[in-house]
Amino acid sequence: TRQVADLPSYDALFLYGLTCQAQLATLSKVREELATHYCPSLSAFTPHCATHQLMGLLWGMQNRCEGISPTLAGAIVHRVRHQLTWESQVDDAYIQRALMIAAANDPPTALKSIWVTRILDSQLEDGGWDSDARLLRLGAVRSLMLGPQGFSIRAPASNFHATAQAVLLLAQLLDRHPNRYNGRSTGLATWYRFPAGTTAASQTDAR
């Protein structure tokens with residue numbers, strides 16, 4: 001646990017959610033993540049906080065880790081949906097929010113078509129996605145971009161992390177609704193999705 005204590009809090013939560021080791025549960029950074037108020041409602045300064053928290057909670061629910069409840073996970077799902085509703089600029093964090101809502105597999109919190117449409121509209125010509133939000137096109141090549149370091153003027157470029165998340169999101173949608181896409185399923189999105197018919201908010205705690 002000494003090495004884990006040096007990791008960012010979300011990494012510590014990931015490890016706990018994957019292993020359910022009791023020693024990890026005693027770390028203050030893990031205990032802090034097991035609270036609904038850990039991340040702010042809006043995410044101007046911590047854009048990935050709620051999605052990282054939800055990712056760890058989903059793993060912990062699958063593995064029935066002590067202290068991780070459906071009620072907590074459901075509250076964080078609600079927070080991520082709130083961010084998708086009020087923060088419309090498509091960047092790496094926006095894609096991650098949509099991906100985590102899809103991963104939660106909770107029908108009452110289904111992805112809105114506008115969220116997916118915005119992500120698809122942000123796809124670049126090479127098939128990838130930029131990690132920053134494109135605010136305004138400035139000619140044929142360059143755009144006004146907004147990212148963690150502020151504003152910049154440059155040509156949008158595909159980013160591995162953002163693109164991988166978008167591909168996983170689309171795989172989730174293809175696997176869940178194959179009849180909408182010529183009956184084809186990619187088989188790529190079975191990574192940690194809850195079984196069909198279960199929800200983050202309604203699962204019983206079977207520990």
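In this predicted model, strand 2 runs into strand 3 through a hairpin of 2 residues. Strand 2 covers residues 142-147 and strand 3 covers residues 150-154. The two strands pair in the antiparallel sense, over 5 bridges. Within this pairing, L146 has F151 of strand 3 as its bridge partner. G147 is bridged to G150, also in strand 3.

A second hairpin links strand 1 and strand 2, with 3 residues between them. G139 lies in that turn and has a positive phi of about 90°. Strand 1 and strand 2 run antiparallel and are joined by 5 bridges. R134 has M145 of strand 2 as its bridge partner. R137 stands opposite S143, again in strand 2.

Together the strands make an open sheet of 3 strands in the order 1-2-3, with antiparallel pairing. Strand 1 (133-138) and strand 3 each have a single partner strand and stand at the edges, so one side of each is left without a neighbour in the sheet. Neighbouring strands are turned against each other by 20° on average, direction ignored. Strands of a sheet pair through backbone hydrogen bonds, in either the parallel or the antiparallel sense.

In a regular strand the side chains alternate between the two faces of the sheet. Strand 2 has a covered face and an uncovered one. S143, M145 and G147 belong to the covered face. R142, L144 and L146 belong to the uncovered face. The residues bridged to strand 1 partners therefore include two from the covered face: M145, paired with R134, and S143, opposite R137.The helical part holds the largest nonpolar core, which has 40 residues. L54, I76, I95 and I119 have the most contacts inside this core. The elements that give two or more residues to the core are helix 1 (9-19), helix 4 (49-62), helix 5 (70-86), helix 6 (92-104), helix 7 (113-121) and helix 8 (160-176). Helix 6 gives the most, with 9 residues. Residues up to four places away in sequence aside, L54 touches A73, I76, V77, V80 and M100.

Helix 6 meets helix 7 and helix 8 at different angles, described in turn below. The axes of helix 6 and helix 7 come within 11 Å and cross at roughly 135°. That angle makes helix 6 oblique to helix 7. The crossing is left-handed. On the helix 6 side, the contact involves Y94, I95 and A98. On the helix 7 side, W115, R118 and I119 take part.

For helix 6 and helix 8, the axes come within 9 Å and cross at roughly 30°. Helix 6 is therefore roughly parallel to helix 8. This crossing is left-handed as well. Helix 6 contributes D92, I95, Q96, A98, L99, A102 and A103 to the contact. Helix 8 contributes H161, A162, Q165, A166, L168, L169, Q172 and R176. I95 and A98 of helix 6 appear in the contact with helix 7 and in the contact with helix 8.

V90 lies in the loop between helix 5 and helix 6. Its relative accessibility is 12%, so V90 counts as buried. Neighbours within four places in sequence aside, V90 is in contact with I95, R118, I119, S122, D132, A133 and R134. Among these, I95 belongs to helix 6, and R118 and I119 belong to helix 7. R134 is the residue bridged to M145 of strand 2. V90 and W115 are 25 residues apart along the chain. Their C-alpha atoms are separated by 9.0 Å.

Q83 is found in helix 5. With a relative accessible area of 1%, Q83 is buried. Leaving aside neighbours within four places in sequence, Q83 is in contact with P40, S41, L42, S43, A50 and R97.

Technical notes
Residues are numbered from 1 along each chain as its sequence is written. This is a predicted model: local features need pLDDT of at least 70, side-chain atom pairs count only at pLDDT 80 or more; totals for chains, interfaces and linings use all residues. Side-chain values use heavy atoms; hydrogens and water are left out. A nonpolar core is a set of buried Ala, Val, Leu, Ile, Met, Phe, Trp, Tyr and Cys residues joined through side-chain atoms within 4.5 Å. Buried means under 20% relative accessible area, exposed over 50%, partly exposed in between (1.4 Å probe, protein chains only). Helices (H or I, at least four residues) and strands (E, at least two) are DSSP runs, numbered from the N terminus. Contact means heavy atoms within 4.5 Å. Two strands pair if DSSP finds at least two bridges between them. Axes are lines fitted to C-alpha atoms, for helices over the stretch in contact, and angles run from 0 to 180 degrees between N-to-C directions. Angles under 35 degrees count as roughly parallel, over 145 as roughly antiparallel, 65 to 115 as roughly perpendicular and the rest as oblique. A crossing is left-handed if the near helix is turned anticlockwise from the far one by less than a right angle, and right-handed if clockwise.
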